Amino acid sequence: MTKMRAVDAAVLILEKEGATQAFGLPGAAINPFYSAMRAHGGIRHVLARHVEAASHMAEGYTRTAPGNIGICIGTSGPAGTDMITGLYSASADSIPILCITGQAPVAKLDKEDFQAVDIASIAKPVTKMAKTVLEAAQVPGVFQEAFRLMRDEPSPVVKPQATRKQLELALDLIERSERPLFVAGGGILNATAEADFLALAEETGIPVVPTLMGWGIIPDDHPLHAGMVGLQTSHRYGNESLLASDLVFGIGNRWANRHTGDIKTYTEGRKIVHVDIAPTQIGRVFAPDLGIVSDAGSFIRGLLELVRERKAQQRDYSDWARECQDRKGRLQRKTNFDNIPIKPQRVYQEMNRAFGPETRYVTTIGLSQIAGAQMLHVFRPRHWINAGQAGPLGWTLPAAIGVATADPSTQVVALSGDYDFQFLIEELAVGAQFRIPFVHVVVNNSYLGLIRQSQRGFEMDYHVSLGFDNINSEDDMGYGVDHVKVAEGLGCKAVRVTDPNQLFEAFQEAKRLAEEHLVPVVVEVILEKVTNISMGGASIAQVNEFEPIAETEEDAPTAIIPIGSREGAPVGV
Ligand SMILES: Cc1ncc(C[n+]2csc(CCOP(=O)(O)OP(=O)(O)O)c2C)c(N)n1
Ligand SMILES: [Mg+2]
């Protein structure tokens, strides 16, 4: 019988599973696997500059399209430990990635051998499966098992599905409510059920609150889009509508604490339904009035069928939906500031103007991400790609490389604060080397802005400033790192903006440069150092507005519904 090397078998499984895009870097212990990839020739590989970055690239790659599974590869020892943050980030948001590392020879594992760390034990809490394969013949089986888990195919049991009785109970609750809202979570995207979900919302006429992970399931300008809810990445109108509702119907969401804030405020006076594929999610944060363990896709389709069967007794929610739209047309934040140094709100206003509805945004954490989510617009599923639960600084740049690799035909715009950008800044060279174009907006306040803002509670400003007088720079503003020089040094193009009236043109220029040179293009925006962004300390009823709110259309010219323009706009489609 012909024999095959275990590494060759592993590569054939990747091919069979359609997982043909890898990110990583070789080392002695993983060279056999690289030799198999080289011999096979069908696995594309991007050479990262840091293994953590490779793991975030893999995650960005997975998040871009249904069915994608990003792979990251590294050697034994520190390569595996570097990937732990990526595993945590991906697993925390239920995003499958496959991390492959080398390992020391079996006989040396317990001898403190060079780079022989027990990576499977270290990775266990942040993975569905972490395994050190000790026997070559088991390699194909372990790879197959990994794919089965990543694709959520829990054979021999089928995916959990709601029963007819459960669907009836859910619809009974809807029919008894006067002001229901759907909360659409990332689980809907994981089930590729966004089209069915939209059909359900439209059929019932129930307004929708997307979560941060579900943002894009319903376009921002859809008449049933009620806004986002939460302490940070939320809209004033979203929170107000949630507080006015009498039923919150969550599908594929997890009641993140930055979404709910104080649970009593979030739940009091309204019924809550929670549908999730994982039984451990139901009741994890609070006990819903009705909890259903089901795959989001089959649940949505089942409920839609039942809604159509019971069409005759369906309530008309158009007044309630109009009420939600009315809030959306009134409760806005001001973006139209002319200040120099630039106020962050203005950056997002100009991004709305410069980047079209097909843009895919990639971001992680910080005031940059929070203000971006409050003010940018998203119109398509998987077009807001954000590490939600883990929020690891440094994620944005490599994740954007993964996203742009997965879909080179769509405009990718990464959004970072200066600190997030500096964490894994060397990955710019990967974009330059592999000709992966995207625009990276770096809003530079020379601060760990989010942490500076949260230190206000301690009345301190302690180790949160990134400012210093850079001995190589001419300006005397004390912003420290010269991101334009660094980006150029790494082989990319970069533009710096200090005047808000030049933002739009700078974004256009960045798009042109990315297209012409096929490299990442950085737009560094010099922000005012201190701007506090709207945020709630405890509950969604008490979000602090630090800046003036919008009062006229001119204050928020890129708002989805301009202030004062609403006159009984149509609801439903
Ligand atoms: C690895 C890691 N360490 C610390 C934090 C906590 N943290 C969250 S935001 C932030 C500051 C981010 O600064 P920057 O990227 O410049 O964004 P800004 O808030 O200034 O817009 C820090 C330190 C984190 N999320 N991840
Ligand atoms: Mg900053």
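A crossing of two helices is called left-handed if the near helix is turned anticlockwise from the far one by less than a right angle, and right-handed if clockwise. With that convention in hand, the helix pairs of this predicted model can be taken in turn.

A convenient place to start is the pair formed by helix H9 (residues 194-204) and helix H13 (residues 296-309), where H9 passes H13 in a left-handed crossing. Their axes come within 9 Å and cross at roughly 30 degrees. Because angles under 35 degrees count as roughly parallel, H9 is described as roughly parallel to H13. On the H9 side, the residues involved are Asp196, Phe197, Ala199, Leu200, Glu203 and Thr204, and they meet Gly297, Ile300, Arg301, Leu303, Leu304, Val307 and Arg308 in H13. By character, the residues of this contact between H9 and H13 comprise 7 nonpolar, 2 polar and 4 charged. A familiar piece of helix geometry is worth keeping in mind when looking at such lists: an α-helix has 3.6 residues a turn, so residues three or four places apart point the same way.

Helix H15 (residues 344-354) offers two further examples, with H16 and H22 as its partners. Towards helix H16 (residues 367-375), the axis of H15 comes within 9 Å, and the two cross at roughly 50 degrees. That angle makes H15 oblique to H16, and the crossing is right-handed. Pro344, Gln345, Tyr348 and Gln349 of H15 make this contact with Leu367, Ala371, Gly372 and Met375 of H16. The set divides into 5 nonpolar and 3 polar residues, with no charged ones.

The packing of H15 with helix H22 (residues 503-517) has an angle of about 50 degrees, and the axes are 9 Å apart. H15 and H22 are therefore oblique to each other, and their crossing is right-handed. Here H15 contributes Arg346, Val347, Glu350, Met351, Arg353 and Ala354, while H22 supplies Leu503, Phe504, Phe507 and Gln508. This contact of H15 with H22 holds 6 nonpolar residues, 1 polar and 3 charged.

Ahead of H15, the loop that follows helix H14 (318-328) and leads to H15 contains Pro341. A cis peptide bond joins Ile340 to this proline, with omega at about -10 degrees.

Other backbone details deserve a look as well. Trp255 has a positive phi of about 50 degrees although it is not a glycine; this tryptophan sits in the loop between strand S7 (247-251) and helix H11 (257-260). A positive phi, of about 55 degrees, is also taken by Asp152, just after helix H6. H6 itself (residues 139-150) has 12 residues and reaches 17 Å from its first C-alpha to its last, close to the 16 Å expected at 1.5 Å a residue.

Finally, the annotations can be set against the model. An unreviewed UniProt entry places the feature "domain: Thiamine pyrophosphate enzyme N-terminal TPP-binding" at residues 4-121. In the model, that span is 45% helix and 15% strand, with its end C-alpha atoms 29 Å apart. The UniProt annotation "domain: Thiamine pyrophosphate enzyme TPP-binding", likewise from an unreviewed entry, covers residues 365-525. Over residues 365-525 the chain is 38% helix and 17% strand, and the end C-alpha atoms lie 17 Å apart.

Technical notes
Residues numbered from 1 in each chain as written. Chains lettered and ligands numbered in written order. Predicted model: local features only at pLDDT ≥ 70, side-chain atom pairs only at ≥ 80, totals over all residues. Axes fitted to C-alpha atoms, helices over the stretch in contact; angles between N-to-C directions. Helix = DSSP H or I, 4+ residues; strand = E, 2+ residues; numbered from the N terminus. Parallel < 35°, antiparallel > 145°, perpendicular 65-115°, else oblique. Contact = placed C-beta atoms within 7 Å. Nonpolar A, V, L, I, M, F, W, Y, C, P; charged D, E, K, R; others polar. UniProt positions renumbered as here; feature names shortened; annotations may be inferred. Expected span 1.5 Å × (residues − 1).
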